[in-house]
Structure formats: structure tokens, C-alpha cells
Amino acid sequence: MLLSLSVLLLSLIYLVGASPVKPSEPARRPLVIWHGMGDSYASPGMLEFMSRVRQMHPGIFIHSVYLDENLEEDERAGFFGDVNEQLHTVAQQLANITELRDGFDAIGFSQAGQFLRAYVEVFNAPPVHNLLTFGSQHMGVSDLPACRGAWDVLCQLARRAARGGVYTDWAQRNLIQAQYFRDPDRLDVYRARNRFLAPVNNEVPDGGEGARNETYAVNLARLDTLVLVLFAQDKTVVPKESAWFGSYAPSSDAAEEAKERTIIPMRLQPLYQQDWIGLRTLDESGRVVLETCEGEHMQLTDECWRPLVQRYIGSILDGDKSYHPEQQVLRVW
């Protein structure tokens, strides 16, 4: 009787001990996210998005870029400030985060897409692997972004000030949206006076070919993938094709300007054809992905963002030898 009880007890211990044990979460490439205009780094929408990414990629480290820890001031920095100074601040911020030291993937919402691209071109230390931009203005805007409503006071103030003199030195140092305003009918003025977008696109003034920064092309070409997302019904970004490096062609007269304007697509842009920023190198090696999402500007449906984040974000790092998802771990006592 005593022997039978001992055998039964040992059998129970074995069954409990041999139950499957969930393997630890894999080491994934970290993610950096930068919010768009009128938002902040820890708004309810941003927190919800990060939570859903973590559900999709368990264990992933996510950093949300901020220019001020105060949420109201961080939102204000999306309208007022010097983009070049902000980029230096962000570059220092990312360089001081241990989890990012070996590189990261990045997502830029709206204007943050071109800001993150500028980070890649100018700094890229630590380096970006995959860059996803949603509804961004890579070739600038030819009309200032519309505000969400009359109640959006910060936006209304910035828009009114920028319209008063978009290429003045004050606007180019203090109004964020003015710093990526690209007037197709005043390209000479844009190239001469714009302090952010023209330099980062290597669109130098006429006769200044030697002033182009070759490092920008080298750094951008180091991306694994550049994913450019355009919103099909976007009325905020003018033209919406700027999300794909498209821009308005210069108008020849007032009558033409009144009609629907011609779009110069990415592959016909001088910056692409002459590879001023490495975009052509990326594209010809199959590393530029053009995606379309239905809806207005930044209407992020699951059908829009989930497949892209699933595919391009949160890759399991090659160095993680401890994770074997195909194996069922058994603990035997």
C-alpha cells in the first residue's frame, strides 16, 4: 500500500513538472514613434497605438519621441519652433537610450515622417532599419495644412502667421509648417530661403550644385526599407502625393493654376533622377514601398496600419538564440 502511494505521488509530480512552459518573449528590434501635428507623445491615441503594437509584437521596446515632457508644450512644439534645433534634440534623446543603441525601426505620423527621414539623413546614430511614414510631406506642402476646426487655436495662430510671410527669416525659424512649405511657383525663393526641407532634400539654389550634402544620400540608402503611405482622400496635405515624394508642377499661367494641377511623381523628380538623397538607390534595389490607405489624413484603420506594422516592425533579432517558437519546452523533474 505504501509503495503504491509513493508511485502515485511520483507520477503526479512528473505530470505537473512535464507540463508545457511558455518560452520567454523573443528579443525584437525596438521601435521609435514620432507623433504628428496637433498631438503629443503620450496622448490617449498614441498610448492606444503603442499598446496595440505591443500586443502584436510582445516584448518590443517602444520609445515615443517628445520635445517637452509636458503634454501641452509637446503639442505646441509641433507648431512653433526650429525644426533643425528640434532634430538635434531628438538625435541626442535617441542616442541616450540604451535599448536603441543597436538600431531601431521607426514610424513617423504626418509631419514627423519627414522629420524622421531627416534624422536618418543627418544623424542616423543609432541607425534606423525600417522607416514607415504615414501621410507625410516629403516634398512639402503647397498650401498650409488645414486645421481640425476653429477651436484649434494653436493651429489657427500658426497658419495665420505663416501665411503672412512663409519665407521670412522669422517664419523659417519659428513656424514649423513654414519650414516645409514648398511653393511650386517660387522654387527659386524656396531653395534660397527654406531652412529645413530644401536642405534635407538637397534642393540647393541654382548654381549651388557643390553645396549638396552627399552624406544624406549615403545614410538614406542604408535603410532596409522605406515605406511611404498615402491617404487616398487626404485633403489636409496639399498635394497628398507629397507622401510619395510627389509635388505640383510649376504653373505657366493663372488659368492653368485655376485648373487641377499637374503632379510630378517621385520617379520624375530631379532629386530622384539625380539621386540627391539616395532615394533612387533605395528604389532600384526594391527597398521603397508605396502604400495607399483609404480615408482622410491620418485615419488609421486596422486595415491600413496592421499589415504594415506586422511586416516591417518588431523583427526578431538574429542574436536571440534563446527563442525557439517551433519547440514546446517541457520541464521534467
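## Exercises on Arg261 and helix H5

At 18% relative accessibility, Arg261 counts as buried, because buried means under 20% relative accessible area, exposed over 50% and partly exposed in between (1.4 Å probe, protein chains only).

This is a predicted model, where local features need pLDDT of at least 70, side-chain atom pairs count only at pLDDT 80 or more, and totals for chains, interfaces and linings use all residues. Residues are numbered from 1 along each chain as its sequence is written, and side-chain values use heavy atoms, leaving out hydrogens and water.

**Exercise 1.** Find which partners the side chain of Arg261 reaches.

*Solution.* Start with the place: Arg261 sits in the loop between helix H11 (254-258) and strand S8 (263-264). (Helices, H or I of at least four residues, and strands, E of at least two, are DSSP runs numbered from the N terminus.) Next, look at side chains: Arg261 makes a polar contact with the side chain of Asp185 at 3.2 Å. A polar contact is a pair of N or O atoms within 3.5 Å; within protein, one must be able to donate a hydrogen and the other to accept it, and residues adjacent in sequence count only if both atoms are side-chain atoms. Finally, the side chain of Arg261 reaches the backbone oxygen of Ala249 at 2.9 Å.

**Exercise 2.** Check the span of helix H5 (residues 111-122).

*Solution.* The expected span is 1.5 Å times one less than the number of residues. For the twelve residues of H5 this gives 16 Å. The end C-alpha atoms of H5 are 17 Å apart, which agrees.
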